[in-house]
Amino acid sequence: MSIDYNQHFTDFVSRFLNSEFQVTIASFEFQQTRKEFEGDITLLVFPLLRYIKTNPEKLAETIGSYLEKNDKAVVGYNVVKGFLNLSLSDAFYLKQFQTLFQQEDYGHQPQTQDSPTLMVEFSSPNTNKPLHLGHIRNNILGYSVSKILEANGNRVVKTQIINDRGIHICKSMLAWKKFGAGETPELTGSKGDQLVGRYYVIFDAEYKKEIAELISKGSSEDQAKQEAPLLLEAQELLRLWEAGDKEVRDLWETMNQWVYRGFEDTYKNLGVSFDSYYYESDTYLLGKKIIDQGLKAGVFYKKEDGSVWIDLTQEGLDEKLLLRSDGTSVYMTQDLGTALCRLEDEPGLKGMVYTVGNEQDYHFKVLFLILKKLGFDWAEALYHLSYGMVDLPSGKMKSREGTVVDADELMSDMAAQAKTISEAVGKLETLSETEKEGLNHTLALGALKYFILKVDPKKRILFDPEASIDFNGNTGPFIQYTHARIKTLIQKAAMEIEDIDLNLELASKECELIKQLGRYPEVVVLAGEQYSPALIANYLYDLVKSYNTFYQNITVLGSENPKQKNFRVALSKKVAEVIANASGLLGMEVPNRM
RNA sequence: GGCCCAGUAGUUCAACUGGAUAGAAUAUCAGAUUUCGGCUCUGAGGGUUGGGGGUUCGAAUCCUCCCUGGGUCACCA
């Protein structure tokens, strides 16, 4: 439970308006009173004027005086234009804090028998190249949203669909066969995904050479691109793969396994995990059943050449192909099939979140629309978690030209930077080498994750690896640092948490503190000392807000230097808990010391 | 060209989805403080919210027309 002033006052005000004006209004707009005004929370009166014909000040006055007289929680009020500012009693806040303090695992709704199952798809890589910065954004977003959904009492299945088939992997395979001299991850000591990725680059380089040669012999550019022997060979490999040729399938299987092992290392490093995997080699033929279904229902139609389409022009979209004239399926068909397949695998499935870049906005619009038209009720609960590209100052990332920021490389660079910084601070002499290394990794990832999560997913990020990531200000390490500080503070206070008696009589100063709960209705962080840890409250609060769709029920409170020692420890303890909690939802670890 | 997304202090981002004088961090500047964890604290300057018009008690937010950047319009995935 958060500080639920909303519920309390909604009941009160709604009952009053009902008896006074005979109107039924179920929800009101409350917000924290701005600092420059007297009061704790503010009721917006303007929206009520639609139901009650009067002037706003008069109505505010009426409600205010009623509340002051009849609600013990309200000790005073004032009216500014259509804003009714209410001052709340110390007792109200104290009671709220006591509930809050006693609650373990604050901000989490427990899972129950009836918890809906949701699937969150993220990462979804190709198997011909290692993960890059774009995947990092994808993974961090997807994982965090999974955690948040879980915290809201859902059962969440984290999944991905791996694009393990197609011309791209055939190119890597071909290059490995032709130019590889039998290299394996074991022999070279490199990660499998990196190794396979290198061959993809080699293919491209050799392919370009062939194109240049053909052009010099008089071919047109288009012609050269289509007729280069390497490409023809790769296409032949794909045909053999589809025909189930044993040798090709074996090589494909082997190289994909290399890649998967490499990916797992990267995921582990990033701190993400999955509950299930879907492979395109299994699903690319799915979706044909749905075609029949759609044809029968009259949602799809067949053209003379045998291709199947859906007409979405009524909805302002285009006509969309679903089945080629040769009867093979396209991307959309696969996605339809995969969606149904997942429904079979998770019978209680109530919805899905697809974490996919915004270049596919249109695709998902169409996909969801088709599923709705086919009459699936769960299609209402599909969500495309769309995110913008991650750009470099030098321009776009292009994997074939090697202008990508490799995920593994980035993480180790960041850890190296964390090392430089923490060594400069020089507070870690007592830690062992492995502890230090772990800490640097935690800091590096905290910086990276927070840096990416703090910007609106829709917006594109300009990532400057030169300037890299700041460890000061509104950053992950700053939050981690605050957590560590509070932890040592509690230690120094040398008081057993169990001894804290919250029924103590609080001085007015302490009550004043708890009042700040009203400022941050959904997140409570408290911290003592003369620094300004209330900032952290704001940071987390704002961040969590931006993921509002998925998030409820975390609360932060800021404070300054309370006098009563055990109260301070209680506050501090709760702060640390909440920071750890909220950070966890962002997939960010918080160390106990640093 | 049609459709979609973005444009907010020098910079990186907010703004509770239509609410009060658009806020934080960082950078800059001024003062104070200085073994107790980023040195800390206090303060200042910094904005025509890309531009114009509209809607209403009230607009960064909604509608409209422009401008800029990006994406997307494949029998690719």
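Reader: I'm looking at Y301. Which residue in β9 stands opposite it?

Author: That's W309 in β9. Keep in mind that this is a predicted model. Now step back from that pair to the strands: β8 and strand β9 (residues 308-311) are joined by 3 bridges.

Reader: And which way do β8 and β9 run?

Author: They run antiparallel. Now add the next strand: there are 3 strands in an open sheet, ordered β8-β9-β10, and the pairing is antiparallel.

Reader: How do I read "edge strand" here? Which strands are they?

Author: Look for a strand that pairs on one side only; here that's β8 (300-302) and β10 (319-323). From one strand to the next, the twist averages 35°.

Reader: There's a helix beside that sheet. Which strands does α12 touch?

Author: Helix α12 (residues 288-296) packs on the sheet and touches β8, β9 and β10. Compare directions too: that of α12 makes about 95° with that of β8.

Reader: Let's try a hairpin. How many residues lie between β3 and β4?

Author: In that hairpin there are 2 residues between the strands, and K81 in the turn has a positive phi of about 50°. Then check the ladder: strand β3 (residues 74-80) is joined to β4 by 6 bridges, and the two run antiparallel. For one facing pair, find V79, which stands opposite L84 in β4.

Reader: Now helices. At what angle do α7 and α10 pack?

Author: Helix α7 (residues 192-216) and helix α10 (residues 246-270) pack at about 125°, and their axes are 6 Å apart. An angle over 145 would count as roughly antiparallel, and 65 to 115 as roughly perpendicular. The two helices are therefore oblique to each other.

Reader: Which residues make that contact?

Author: From α7, G192, D193, Q194, L195 and V196; from α10, M255, W258, V259, R261, G262 and F263. Sorted by class, the contact has 6 nonpolar, 3 polar and 2 charged residues.

Reader: Last one, the RNA. Which residues come nearest to RNA strand B?

Author: There are 58 residues around RNA strand B, and F46, R324, Y331, D456 and G473 come nearest. To read a surface like this, ask about its classes as well: 19 of its residues are nonpolar, 21 polar and 18 charged.

Reader: And which elements supply at least two residues of that surface?

Author: Among them are β2 (41-44), α14 (361-373), α17 (476-493) and α19 (534-546). Our hairpin strand β4 (83-88) also supplies at least two residues, and so does β14 (461-462).

Definitions and conventions. Residues numbered from 1 in each chain as written. Chains lettered and ligands numbered in written order. Predicted model: local features only at pLDDT ≥ 70, side-chain atom pairs only at ≥ 80, totals over all residues. Axes fitted to C-alpha atoms, helices over the stretch in contact; angles between N-to-C directions. Helix = DSSP H or I, 4+ residues; strand = E, 2+ residues; numbered from the N terminus. Parallel < 35°, antiparallel > 145°, perpendicular 65-115°, else oblique. Contact = placed C-beta atoms within 7 Å. Nonpolar A, V, L, I, M, F, W, Y, C, P; charged D, E, K, R; others polar. Near = placed C-beta within 6 Å. Pairing = 2+ DSSP bridges.
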